[in-house]
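Thanks for sharing this one. Here are my notes, point by point, to read alongside the coordinates.

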Amino acid sequence: MKENKKLYTLLVYSENVAGILNQITAVFTRRQVNIESLNVSASSIPGVHKYTITAWSDEDQIIKITHQIEKKIDVVKANYFTDEQLFIRETGLYKLSTDKVLENPEISRTIRRFGASIIEVNPTYTIVMMYGMTEQIVELYKSLNAFGCVFQYTRSGRIAVTRGKQEQVSAFLEEREQHHG
Amino acid sequence: MRALQAEGVKTIFGYPGGSIMPVYDALFDYTRGEKKCFDHILVRHEQGATHAAEGYARVSGEVGVALVTSGPGVTNTLTGIADAMLDSTPIVVIAGQVPISALGTDAFQEVDLVGVAQPISKWSYQIRHAEDVAWAVSRAFYIARTGRPGPVVLDFAKNAQVEEIDWEPKKVDFIRSYVPYPKLDDEAVRQAAELINNAKKPLALVGQGVELGNAQEELKAFLEKADIPAGRTMLGLSALPSNHPLNVGMLGMHGNYAVNLKEQECDVLIAIGMRFSDRVTGNTKTYARQAKIIHLDIDRSEIDKNVKTDVAVVGDCKVSLPALTALLNQNSHEEWRESFKELDAMERTKVIEPAIHPKEGPLLMGEVVNAVAEQAQDDAVLVTDVGQNQLFATRYFKYHHKRSICTSGGLGTMGYGMPAAIGATFGAPNRQVCCFMGDGGFQMCIEELGTIMEQKAPVKMILMNNHYLGNVRQWQDMFWMRRKSFTKMMNPCYELIAQGYGIAYQAVTDRKDLAAAVEKMLKTDGPFILECAILEEDNVLPMTPPGMSVNDMKLEI
């Protein structure tokens, strides 16, 4: 199934009103496309929320999904991107056994090699955090897990900014307001 | 009430209940005496209210309004909302809701309306406080009527219905995140014009968008300048008059033979305000592959959704058609147009003549429709239910006037006909409304006979009774080894039913009585039921079998 599919990132901007997330996810559900990751937060524009959604799809389908999402009344803009067009970060959190970390110096070396940082240590557990792309974060998990030291592991949804200069959405909104003005 | 008044509402189709009582109480004063500004039509089932609102909207171009209570009142409207969504019909459904203090408690007649209506409406919103009313109602009408129209749902919490505030009118005519009329791309228009100017065999496909955009005249100017033959979708039938020389018939599974085959031969296909529904395209993998495709639509998400286009002109056809026409060369495609005639003649001999002028045997649906079409006024409105009655009626009715057809195209809602026809009589009070139904669909909203009785709504009901769910029976015969699984139906005595409601009734079983009976129906003031005893196993032809290519269309089976 995945041969001609790619991981696309959708950046969606909406008004901050209840129920939009439901409307957006319903567009995916109706087409049986799974959302791989999802991050929602306030954007740099007051009153506008930003959704960063990743999903495996082919281009035809992701175009249709993007248009259907943008068609929702309170959605301001929706665009889809491939990884090359974005600056992307995810975060991984790893809760490790402090005993195991002290026992085996390879664990610390691995953490350093991946550029991850230790953000808390107590006699029971050690929390490691890593920023990066999905593959690196998963790779670190696999390496640590091989040492049998992982209590818990979690990975955030993706956040991304476009490689362009500013959020085009502000320009769009300005034009809309002027036009109405 | 004042918010509705501000939106120019004149007619409300509704049904009262617990959670909407404060609104109904206020309505009482606004429907009589000095303050009168609305007609309230009491329907017999909430589904009927939404279909009536749809019929009203379709013929009048105004927003139809349905007013219902919470819980079952509003779940009964969901079919109508979904229907209006698929057929881009502007309606506003206002439903009661339990007070916000009771939300989420599974209170009596509570249902998560915004949740259930969201995927089948253009916008749905819960009014939680009285101060939201003016804004929400104005926004609802603005959204319903602008851009690509559609249904809007307002979920009106009971506390908000009774809270007292100082009335401040609010007019919504701008939503920054919503662009109802996209700006025309001049380059796309230029490319489209170039394709059309160089076309040898252009073919236009006309949809309801032309009616919704009120661009019937702009369409004619466009077609006439470049001499382009045009097929119409079922919902777009009255966008171009039947007798227009460039009209080449109806598209789709049971449309006209020539235009379906010519879709596979044209070199440029120009789709105007239509959405390439599967009933029109058949198998999209083989559909019009030889042609360059130009798609004019107001809704960008329709572009490339079902059929890949070469040039997309996104915008209101009231604007895009004249812009395109201005760049067209005066042209003539006589040879191409003439080439339709041979296929038309085949269809006429094999299908049309036997259907509308049969010599013997029981009555056929085609001849009944034809008999009504021959006597109906030029601006008569055709309303259909769904099934064979719909296919025969849309094929053989004649359209001379814009906004002359109400039919459930996308959702295919049986039971739509009767209530939609009621709505049409209010939306176009001076026009004849002829409603064709089968015995299946007639019984699906049969309760609305009560509304017709009470309102004396002049619906001319043509009940084409074949004692079958005919369309499904036809498919069973064609594709399911003639196994007629639950399509034969025992019917009540419709004459007694008509009597019970005090509605004029006549039965026709014999061909020689048909014309006189139709005349009597059309001359009778008020509602009329004309029951026609139809050949039990009549088939709608031609037909493109489901999933096949449009050029596999069959004239006979």
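1. At what angle do helix 3 and helix 5 of chain B pack, and how far apart are their axes? In this predicted model, helix 3 (residues 46-60) and helix 5 (residues 78-86) of chain B pack at about 25°, and 7 Å lies between their axes. An angle under 35 degrees counts as roughly parallel, and helix 3 and helix 5 of chain B are therefore roughly parallel to each other.

2. Next, the residues behind that packing. Helix 3 of chain B brings Gln47(B), Thr50(B), His51(B) and Glu54(B), and these meet Thr79(B), Gly80(B), Ile81(B), Asp83(B) and Ala84(B) of helix 5 of chain B. Sorted by class, this helix contact has two nonpolar, five polar and two charged residues.

3. Now the domain layout. Chain B is divided into domain 1 (2-162), domain 2 (186-339) and domain 3 (362-534). The centres of domain 2 and domain 3 of chain B, taken over C-alpha atoms, are separated by 31 Å. Twelve residues of domain 2 of chain B and 14 residues of domain 3 of chain B take part in the contact. On the domain 2 side of chain B, the residues touching domain 3 of chain B are six nonpolar, five polar and one charged.

4. Which strands stand at the edges of the open sheet with the order 2-1-3-4-6-5 in chain B? This sheet has six strands with parallel pairing. Strand 2 (39-42) and strand 5 (123-127) of chain B are at its edges, each with a single partner strand, so one side of each has no neighbour in the sheet. On average, neighbouring strands of this sheet are turned by 20° against each other, direction ignored.

5. Further into this sheet, strand 3 (residues 64-68) and strand 4 (residues 91-97) of chain B run parallel and are joined by five bridges. One of the residues to look at is Val65(B), whose bridge partner in strand 4 of chain B is Val92(B). Helix 7 (residues 133-145) of chain B packs on the sheet and touches strand 4, strand 5 and strand 6 (151-157) of chain B. The direction of helix 7 makes about 165° with that of strand 6 of chain B.

6. Chain B also holds an open sheet of six strands with the order 14-13-15-16-18-17, with parallel pairing. Its edges are strand 14 (405-406) and strand 17 (504-508) of chain B, each with a single partner strand, so one side of each is left without a neighbour in the sheet. Strand 13 (residues 381-384) of chain B pairs with strand 14 of chain B in the parallel sense over two bridges, and Leu382(B) has Ile405(B) as its bridge partner in strand 14 of chain B. Helix 23 (residues 514-523) of chain B lies across strand 16 (459-465), strand 17 and strand 18 (528-533) of chain B, at about 170° to strand 17 of chain B.

7. Turning to chain A, there are six helices and nine strands. The radius of gyration of chain A is 20 Å, well over the 16 Å that the globule rule gives for 181 residues, so chain A is more spread out than a compact globule. The C-alpha trace of chain A spans about 65 × 40 × 30 Å along its principal axes.

8. Finally, how many residues does each chain give to the contact between chain A and chain B? Chain A gives 18 residues and chain B gives 15 residues. The elements of chain A that give two or more residues are helix 1 (20-30), helix 2 (59-71), strand 4 (75-81) and helix 6 (168-180). Helix 2 of chain A supplies the largest share of the chain A side, five residues. By class, the chain A side divides into six nonpolar, six polar and six charged residues.

Note on methods. Residues numbered from 1 in each chain as written. Chains lettered and ligands numbered in written order. Predicted model: local features only at pLDDT ≥ 70, side-chain atom pairs only at ≥ 80, totals over all residues. Domains from an automatic or database assignment. Contact = placed C-beta atoms within 7 Å. Nonpolar A, V, L, I, M, F, W, Y, C, P; charged D, E, K, R; others polar. Axes fitted to C-alpha atoms, helices over the stretch in contact; angles between N-to-C directions. Helix = DSSP H or I, 4+ residues; strand = E, 2+ residues; numbered from the N terminus. Parallel < 35°, antiparallel > 145°, perpendicular 65-115°, else oblique. Pairing = 2+ DSSP bridges. Rg over C-alpha atoms; globule rule 2.2 N^0.38 Å.
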